[in-house]
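Please open the model in your viewer, with the sequence panel beside it, and keep a selection tool at hand. The tour below moves from one selection to the next and says what is to be found at each stop.

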Amino acid sequence: MFLVLVGAGAVHVSIGYGIGNSLEPGSGYFPMILGVLLTVLGTAIAVREFRGRREAAAIGRWPVRPLACIIGGLIVFAVLLGGGRSLGFRGAGLVPAMFVLVFITGLANQQLSFRENLLLSALLTAISLVIFVALFGLAIPLWPWSY
C-alpha cells in the first residue's frame, strides 16, 4: 500500500508541473509515468499478496536492531552531509558521511565483525567517491573544510 500511496502522490504532484504530450513532454511527464507505474506495481503486489490468503500469518518479533541501525544511519548521513543549520553545524562532507553511514548500517548485521565493518565502510566510501566524483563529476563537498 505504501507503493500505491507514493505513486499516487507522485502523479498528483507531477500534474502541477505540466504534463505535455508524447511529442513535447512537459516537466511533469516523466514523473507522472513513473508514478503511474509505481501505483500499478504496488497494486499488483498487494493483490498478489492478499489473494488466496485464508489465514493470518503470525507476526514475529520486530527486528529492532536492524531497523534502528538503518534508520539511524540514514539520519546521521543526512545531518553529516547537509549539516544542521539549526544546530550551527555546516556538514562533514561526503567522505565522513558515507563512511559513518556504511558503518552504522553495517552494525545491523550481527555476523559482521568490527574489522570487517571498518573495511566494508572504507571500500564502499572509496567506490562512492569514484562513482559520484570521478565518473559523474558531481560537485559534492568531500571534507568539512570543503564547504
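Which residues of α3 are buried? Select Cys 69, Gly 73, Phe 77 and Leu 80, for these are the buried residues of that helix, where buried means under 20% relative accessible area, exposed over 50% and partly exposed in between, with a 1.4 Å probe and protein chains only. Looking down the axis of α3, you will find that its buried residues fall within an arc of 75°, so they line one face of the helix; the arc is that of the directions from the helix axis to the C-beta atoms.

Before going further, some notes on the model itself. This is a predicted model, in which local features need pLDDT of at least 70 and side-chain atom pairs count only at pLDDT 80 or more, whereas totals for chains, interfaces and linings use all residues. Residues are numbered from 1 along each chain as its sequence is written, and side-chain values use heavy atoms, with hydrogens and water left out.

**The whole chain**

Colour the protein chain by pLDDT, the predictor's confidence in each residue on a scale from 0 to 100: the average is 87, and 93% of the residues score at least 70. Confidence is lowest in helix α1 (residues 2-15), with a mean of 90, and highest in α4, with 95. Switching to a cartoon shows five helices and zero strands, where helices (H or I, at least four residues) and strands (E, at least two) are DSSP runs numbered from the N terminus.

With the C-alpha atoms displayed, the chain fills a box of roughly 50 × 45 × 35 Å along the principal axes. Its radius of gyration is 21 Å, whereas a compact globule of 147 residues would have one near 15 Å; the radius is taken over C-alpha atoms, and the globule rule is 2.2 Å times the number of residues to the power 0.38. Of the 147 residues, 20% count as buried.

**Back to α3**

Select residues 64-82, the 19 residues of helix α3, which reaches 27 Å from its first C-alpha to its last, close to the 27 Å expected at 1.5 Å a residue; the expected span is 1.5 Å times one less than the number of residues. Turn to the face directed away from the buried side, and you will meet the exposed residues Val 64 and Ile 75. Then add residues 94-106, since α4 is included in what covers the buried residues of α3. Just after α3 comes Gly 83, whose phi is positive, near 85°.

**The first helix**

Next, select α1, whose 14 residues reach 20 Å from first C-alpha to last, close to the 20 Å expected at 1.5 Å a residue. Its buried residues are Val 4, Gly 7, Val 11 and Ser 14, and they cover an arc of only 100° around the axis, which puts them on the same side of α1. Phe 2, Leu 5 and His 12 are exposed on the other side, while α2 is included in what covers the buried residues. In α2 (residues 29-50), pick Leu 37, which counts as exposed at 51% relative accessibility; Leu 37 and Val 4 are 33 residues apart in sequence and 9.5 Å apart in space, C-alpha to C-alpha.

**An aromatic pair and its surroundings**

Rings of Phe, Tyr and Trp (its six-membered ring) pair if their centres lie within 6.5 Å, with planes under 30 degrees apart counted as stacked, over 60 as edge-to-face and the rest as tilted; by this rule there are two aromatic pairs. Select Phe 103 and Phe 114, whose ring centres are 5.6 Å apart and whose planes stand at 85°, so the pair is edge-to-face. Phe 103 lies in helix α4 and Phe 114 in helix α5 (residues 114-135), so the pair ties together parts that are eleven residues apart in sequence. Phe 103 counts as buried at 17% relative accessibility, whereas Phe 114 is exposed at 55%.

Stay in α5 and select Asn 117, which is buried with a relative accessible area of 2%. Leaving aside residues up to four places away in sequence, Asn 117 touches Val 102, Phe 103, Gly 106, Leu 107 and Leu 112, a contact meaning heavy atoms within 4.5 Å. The last selection is Ser 128, also placed in helix α5 and buried, with a relative accessible area of 6%; with the same exclusion of residues up to four places away, Ser 128 touches Met 98 and Val 133.
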